[in-house]
Amino acid sequence: MEQLCNISVVREVMERHNFRFSKALGQNFLINPSVCPRIAEDGVRDSEYGAIEIGTGVGVLTNELAKRAKKVVAIEIDERLLPILDETLAEYDNVEIIHADVLKVDLNRLIRERLEGMDVCVCANLPYYITSPVIMALLEQRLPIRSVTVMVQKEAAQRLCAQVGTRDCGAVTFAVRYYSEPKQLFAVSRGSFMPAPNVDSAVIRLEVRERTDLDVRDERFLFRVVKAAFSQRRKTLANPVSSILGLSKQRIGEVLQELGIKSTVRAEEMKFEEWILLANRLFEEKGHE
Ligand code: SAM
C-alpha cells in the first residue's frame with residue numbers, strides 16, 4: 001500500500017479494525033516514512049534476496065521489503081494484525097506471514113523450506129523486550145543469513161556495537177563480535193513512532209561472518225566463561241569464573257598472569273583476543289574433565 005507509513009493512514013487502518021496497541025508486545029509502530037526504506041535497502045542487496053521480518057505491525061517495513069526482495073517471510077505474534085496485513089499487503093504475492101512467536105520458530109527450517117537458494121537478510125523494528133534473545137537466537141544458531149539490520153533502543157545499539165574491553169561491553173557484545181561485524185547505521189527519534197516510546201532508537205547492522213577463523217578450542221566453554229564473568233561484572237573476573245569451573249581463584253589469577261593479563265582484571269577490561277586465550281587455557285586445565 002502506497003503511503004502506508006504515514007500517521008493518518010496507519011491511524012485510519014487501525015481504527016477501522018478497532019486495533020489497540022499492546023504495550024506487552026512492544027508495539028510502537030513506525031510513522032516516519034524515511035526509516036523503512038533505509039532499513040530495507042540496507043538488508044536487501046538485490047532483487048534475488050529473501051528477507052525475514054520479525055514483527056510486522058501493520059506492515060510498513062514489510063511493504064518496503066516486498067518491493068525489493070524476491071520473497072519476504074514475516075513472523076508476527078499478534079493474531080489481531082493478520083486481517084490488517086491482508087489489506088495492507090494485498091498487492092504483493094511474494095509475502096508470507098507466519099503467525100508465531102519468533103523465539104519458538106525453527107529458523108533454520110524456515111530458511112530451508114521457504115527461502116531456499118536465496119541470499120537471506122533479516123530486517124526488523126524489533127520489539128524491545130526481546131532484543132537480546134532474538135539477536136542471540138539469530139547468531140548462535142549459525143543461520144545461513146548475510147546480515148541482520150534492526151532497530152533497537154539507542155542504549156542497546158551502543159552496547160551491541162561496543163568494542164570488547166570497554167565499559168559498554170557485556171556478554172552479548174562479545175557474542176555479537178564473535179559472530180558478526182556490527183555497525184551503528186543511524187539514529188531514530190522517539191517521535192518517529194506511534195505511540196512514542198520514552199527512549200530514542202537506532203538502526204544497527206550485523207554483517208554475519210561466514211565462519212570464524214579464530215582458534216577456539218571449545219565454543220560452548222568459551223561462552224560459559226564469558227557469561228559467568230559478565231554475570232558479576234563489578235567483581236574481578238577470577239571470582240565468578242572460579243566458582244563455575246571449580247578452580248581456585250588463585251589458580252585463575254596465575255593463569256591470567258601467565259597470559260600477560262593482570263590477575264585482578266574485570267570482565268569489561270578484557271580484550272577480545274584475551275577472552276579466547278583465557279578460555280583455551282582454562283579448557284586445557286578443566287574443560288575436558
Ligand atoms: N514493523 C512494525 C513497525 O515498524 O511499525 C512493528 C514494530 S513493533 C516495534 C514490534 C512488532 O513485533 C509488533 O507488531 C509486535 O506484535 C511484534 N512482536 C512482539 N513480540 C513478538 C514475538 N515474540 N514474535 C513475533 N513478533 C512479535
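Helices and strands are DSSP runs, at least four residues long for a helix and at least two for a strand, and they are numbered from the N terminus. With that in hand, proline 195 can be placed: this residue sits in the loop between β8 (193-194) and β9 (201-208). The bond that joins methionine 194 and proline 195 is a cis peptide bond, with omega at about -10°. Please keep in mind that the structure you are looking at is a predicted model.

## The chain as a whole

Let us step back and look at the overall picture. The protein chain has twelve helices and nine strands. Taken along the principal axes, its C-alpha atoms fill a box of roughly 65 × 40 × 30 Å. There are 289 residues in the protein chain, and 52% of them count as buried. The exposed area of the protein chain is about 13700 Å², with 46% of it supplied by carbon and sulfur atoms.

How do contacts in the protein chain relate to sequence? Among those between residues at least 6 apart in sequence, 69% join residues at least 24 apart. The protein chain also carries 40 positive and 42 negative charges, and the mean positions of these two sets are 7 Å apart.

## Two domains and a core between them

The domain assignment gives domain 1 (7-208) and domain 2 (219-287). The C-alpha centres of domain 1 and domain 2 lie 35 Å apart. Where the domains meet, 14 residues of domain 1 are in contact with 13 residues of domain 2.

Nonpolar side chains tend to be buried together in soluble globular proteins. In this model, the largest nonpolar core has 70 residues, and those that touch the most other members are Leu110, Phe174, Leu222, Leu237, Trp275 and Leu282. Why does this core lie between the two domains? Domain 1 and domain 2 both give residues to it, so its place is between them.

Phenylalanine 174 is a good residue to click on here. Leaving aside its neighbours within four places in sequence, phenylalanine 174 is in contact with Val164, Leu222, Phe223, Val226, Phe272 and Trp275. A second, separate core has 38 residues, among them Val10, Leu30, Ala66 and Met194. Met194 may sound familiar, as methionine 194 is joined to proline 195 by the cis peptide bond.

## An enclosed helix and its surroundings

Is helix α8 (residues 171-179) largely enclosed or open? Eight of its nine residues are buried, so helix α8 is largely enclosed by the rest of the structure. The buried residues of α8 are Val172, Thr173, Phe174, Ala175, Val176, Arg177, Tyr178 and Tyr179.

Valine 172, which lies in helix α8, touches Ser132, Met136 and Leu160, not counting residues up to four places away in sequence. The C-alpha atoms of valine 172 and isoleucine 54 are 118 residues apart along the chain and are separated by 20 Å.

Cysteine 169 lies in the loop between α7 (154-160) and α8. This cysteine 169 is buried, with a relative accessible area of 0%. Not counting residues up to four places away in sequence, cysteine 169 touches Ala162, Gln163, Val164, Phe230 and Arg233. The C-alpha atoms of cysteine 169 and methionine 136, which are 33 residues apart along the chain, are separated by 15 Å.

## Some loop residues to visit

Which residues does leucine 103 touch, not counting residues up to four places away in sequence? They are Ile130, Pro133 and Val134. The C-alpha atoms of leucine 103 and alanine 137 are 34 residues apart along the chain, with a separation of 7.5 Å.

Asparagine 18 has a positive phi of about 55° although it is not a glycine. Arginine 142 likewise has a positive phi, of about 50°, and is not a glycine. The table places these two residues beside leucine 103.

| Residue | Loop | Relative accessible area |
|---|---|---|
| Asparagine 18 | between α1 (7-16) and β1 (29-30) | 56%, exposed |
| Leucine 103 | between β4 (95-99) and α5 (107-114) | 40%, partly exposed |
| Arginine 142 | between α6 (131-140) and β6 (147-153) | 27%, partly exposed |

Key: Residues are numbered from 1 along each chain as its sequence is written. This is a predicted model: local features need pLDDT of at least 70, side-chain atom pairs count only at pLDDT 80 or more; totals for chains, interfaces and linings use all residues. Side-chain values use heavy atoms; hydrogens and water are left out. A nonpolar core is a set of buried Ala, Val, Leu, Ile, Met, Phe, Trp, Tyr and Cys residues joined through side-chain atoms within 4.5 Å. Buried means under 20% relative accessible area, exposed over 50%, partly exposed in between (1.4 Å probe, protein chains only). Domain bounds come from an automatic or database domain assignment. Contact means heavy atoms within 4.5 Å. Accessible areas come from the Shrake-Rupley method with a 1.4 Å probe; for residues, only the protein chains shown count as cover. Lys and Arg count as positive and Asp and Glu as negative; His and the chain ends are not counted. The place of a charge is taken as NZ of Lys, CZ of Arg, CG of Asp or CD of Glu.
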